[in-house]
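Biologist: Could you take me slowly through the loops of this protein, and then through one of its sheets? I am in my first year, so please go step by step.

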Amino acid sequence: MGDVLPGGSGDGTVRGGVWSDLSGSARDVVQAGQVLGGVHFHGPAPVRVEVPVPRQLPGDVSGFVGRSAELAELDALLPGDNGGEPVSVVVIAGTAGVGKTSLAIRLAHRISGRFPHGQLFVNLHGYDAGPALTPAAVLERFLRAFGVPAPAIPAGVEERGELYRSLLAGKQVLVVLDNAATVGQVRPLLPGAAGCLTVVTSRHRLSGLAVRDGARRITLDVLTEQESADLVATATRGYRTGDDPAQIAELARLCARLPLALRIAAERAATHPLLDLPQLTAQLRDESTLWDALSSPDQEEAEAVRTVFAWSYRALPPPAARLFRLLGLHPGPDFSVQAAAALAEQDPRTAHGLLDLLAGAHLIQSTGPERYQFHDLLRAYATDQAHREETSEDQHAALKRVADWYLHTADAARAAAQTFYPCVLTPAQTRPATVLAFDGQQDALAWHQREQANLLALGRAVAQAGLDEIAWQLPATLHSLHVARGTFDDLQTASLIGLEAARRLGDQRAQALMHDFLGTAYKQSGQLAQAAEHHEAAFDLRNQIGDWTGAAESANGLGLVHSWRHEPDAARTRLEHALALYQQHGPYDRTGPTLCNLGYVSADLGQPQQAAQYARQALTVYRETAADHYFSIDALILLARLDREAGHHGRAESHLSDATALLERTTPPSAKAAIHFEQATLLREQNRHDQALETYWACEALERSTGNRLGQALAYNGIGQTLRALGRLPEAVDFHTTAARILRDLDQSWNLAQTLAHLADAHTDNEQPEPARQHRTEALTLLAPFTDLPAAALRQRLQELTTG
C-alpha cells in the first residue's frame, strides 16, 4: 500500500502505520530514560533493557600450527590483571597469504573469555577488486549485532560511530577488523572504551593508528622452516608417510613458506599419496618457471603464491576449473551453491560437488551450509583466469546468468514477503530453473539478509556491464524487502544506481520508480528536503507519461513529507490530489490509507468532523478490500482520539477496544504502540494516573523495540504530563527534558514546541519561573513558521503566560 502517516498529530499522538521513524543520534538510546543492560532510571514501572551479546567470530582455524613466538608477543601486549598498561588496538601486518587472518582468529578464540560482552568480526575487503566495505556499512552491521533496531540506526557515519561507542561504554568487547587497507577504514570502528580491544590485520603498516590511537603492531613474517614442515605434516597426516624432511623443506621453499600456499600444496600432496614428494615438487618447480619472466625481486613471495595457485588449478578436472574461474566473475563477497550453479549453467547438485572439490583443494573456503567464499588472492587469480580463458561474450553471459538468478529469486522473495508491490519483470524475461522457493515472509527476509552484500555488489556490476534493465529492476524488486528490514542505506545506493541506468535507457517510468524509492530512503533517514525533491521528481515524470496511479503514490509521499514537517495545509493538498487520482484511476484499495492520512491531517487542522468522516470512509475501504487488520487499527485510533478530545470517553474506549481486538501475532509493533499511547492519554485525562503511567511505559517499550525515537519521545512527554498531574514535579521535568532532547535531535519543531510548553508548565508548578520563561520563549520561536489553528492557539496561550 501507499505510505501511512507515522508521526505525531496535533496533540502529540503517536501514530501506527507502515512507516514508523526517523533515525537520530547516539546518546538517546542509552540516555532516554534507560540504561543499556540495566533498568529505567525513572518511573514506577521499570522495564529491563536486554542487550544481546554479539558473537560473530568465525570458527577457529583448523590445522593451525606454529606462530608460538607471535602469539607470545601478542600475549605480552595484552596484560592480565597484574601488570602492564592495557593496549586497545593491535595491528597484525604482513604480506598477502602470510596468515594474518588465521593468527587473528586464533588469538581471538584464545582471549575471547576476557571479553564477556561480545566479539565482533568483519572482513573489510580492503584488497578485493571490488569496493571495500565502508565504515558506515560496518557500523550498521555492528549496531544490528548489538540489537539496535534498523530505524534507530542513524544515517551519518559520525552519528553511527557515536551510537556504537555509547553502546560499548563500560563494556569489554573484542573487535577483529580483517583486511584493512587504510587507516580511514579502521578509525571510525574503534570502540574507544577502556575495556575493549581491536585487532586489525593489514598488508600495510597503518602507522597512523600508532601515532594517533596508540596502536601496537607486530609484523608477521613467513613461517620458519620447522613451522612450514609442521604445517605440511599436519595437513598430510593419515594420508602420507615416509616423506623426506629435505623434500618437505624444498616444497616449503617453493611455497615461499607462506601458509596459504603451503596449505594448497599440502592438500595436493595429501590427495596424491602414491605420488612421491620429489615428483610433486618437480611439478611445482616446472610450474614456477612459467612465472619467472613475470617476477621481480620484490615480488618473490607473490609469485610463489601464484605459482602454487596455477599448479593446483591446472590439476583440477575441467568442469571444476571452469567453475573456479567463473566464480571469479561473481561480484559479491560470498556465494551460495545455487548462485554458483547459475553462474556456470549447471544443476545445483553438480555445482555442489564441484564446490566441495574446490574447498577440499583450499581454493575456496566453506563459510556455512552451502555457502563459500574466496581468499582475496585466490579471487584475483580466478578472475584473471576467467579473463584469460573465457571470451568477453562468455564472461558477459555468465554475469547475465547469475544476475537473472538473483533477480528472479529476489522476485520470489518479494512475493513471499508481502503483496503490496507488484512484479516489475516482463514476460520476456525467462525464469531460471534453479530459483529458490520461500516458506513465507521470515524465510524471504532471512535470504535477503544473507545476500544483502551480494545484491548491492551485483547492482554495481550489472550497471558497469551495461545490463541497465536489471540494474533498475533489482532495486525495484528488492524495495519491499529493504523496507521490511530497514536497510535504507542499501535502498538508497541501489536506487541511485537504478536511476542512472533508467536514465541511460530513457525509461521514464523506471526513473520515476527510482525517484520514489529514493524519497522513501531519504524520508526514513530524516533527510526530508531530499525526500521531497525525489518524490516531486517522480510526481512530475509520472504526470508527463500519464502514469496516474504512480502520480498518486508520489503525491501521497509528498503529503507525508509535509505532514512530518507539520505543514498540514500542504499535506492536505497533496493527499487530496492523491485520493482523487486513486479514485479515478485505481486501484481502489489504495484509497484507504490515503483517506486515513487525510483524517489525521484534518485532526491536526482542528477539523474533527471532517477527520471522523475520513476515518470511517477508510474503514469501509479496508473492509471491502479485506486489508490487513493493522490498517483498520490506525483508523480506529483516530476515531478514539477524536472522541477523547470531544469528551466522549466511553466512545473512545469502545474504539480502542475494537482496535485491540484486531491485534494479531503479525501486527506491527508500531500499531500496538499507537493503541497503548492513545489508551494512556485517555487514562490520563480520566485522572487514572497510575494506569496511565503503566500504559505509557508499555508504549515506550514497544517504540524502543522498533527504534521509533519519535514515539519514545512522545511517550516520555506523556509520562511527564502524568507525573505533573500527580504532583511529582522534579520527575516530570526530567521526562519532559528527555523528550525535548530527542525531538531537538530529530528536528521535530512542532512536537518540540508542544513538549517545551509542557516542560514550562512543570517548571511553573515547581516554582521555577525563569526556566519556564526560557522554554516558552523557545517554543514561541519554534512556532513562528506554523500558521494552522492548533499552532495559533498554542502560540496565544504561550504569549499570555509569557507576558502575564
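Modeller: What follows is a walk through three loops and then one sheet. Please keep in mind that this is a predicted model.

Let us begin with the loop between β2 (119-123) and α4 (135-145), where His-125 lies. The phi of His-125 is near 55 degrees, a positive value in a residue that is not glycine. At 15% relative accessibility His-125 counts as buried, because buried means under 20%.

A second loop, between β4 (197-202) and α7 (207-213), holds Leu-206. Leu-206 is not a glycine either, and yet its phi is positive, at about 50 degrees. The relative accessibility of Leu-206 is 7%, and therefore Leu-206 also counts as buried under that 20% cut-off.

The third loop, which runs between α24 (568-585) and α25 (591-604), contains Pro-587. Here the feature to look for is in the backbone, since the peptide bond that leads from Gly-586 to Pro-587 is cis, with an omega near -5 degrees.

Finally, we come to the sheet, which is open and has 3 strands in the order β6-β8-β7, paired in the antiparallel sense. Its edge strands are β6 (335-336) and β7 (365-368), each of which pairs on one side only. Between β6 and β8 (residues 371-373) the antiparallel pairing extends over 2 bridges, and if you look along this pair you will find Ser-336 opposite Arg-371 of β8.

Key:
Residues numbered from 1 in each chain as written. Predicted model: local features only at pLDDT ≥ 70, side-chain atom pairs only at ≥ 80, totals over all residues. Heavy atoms only, no water. Helix = DSSP H or I, 4+ residues; strand = E, 2+ residues; numbered from the N terminus. Buried < 20%, exposed > 50% of the residue type's maximum accessible area, 1.4 Å probe, protein only. Pairing = 2+ DSSP bridges.
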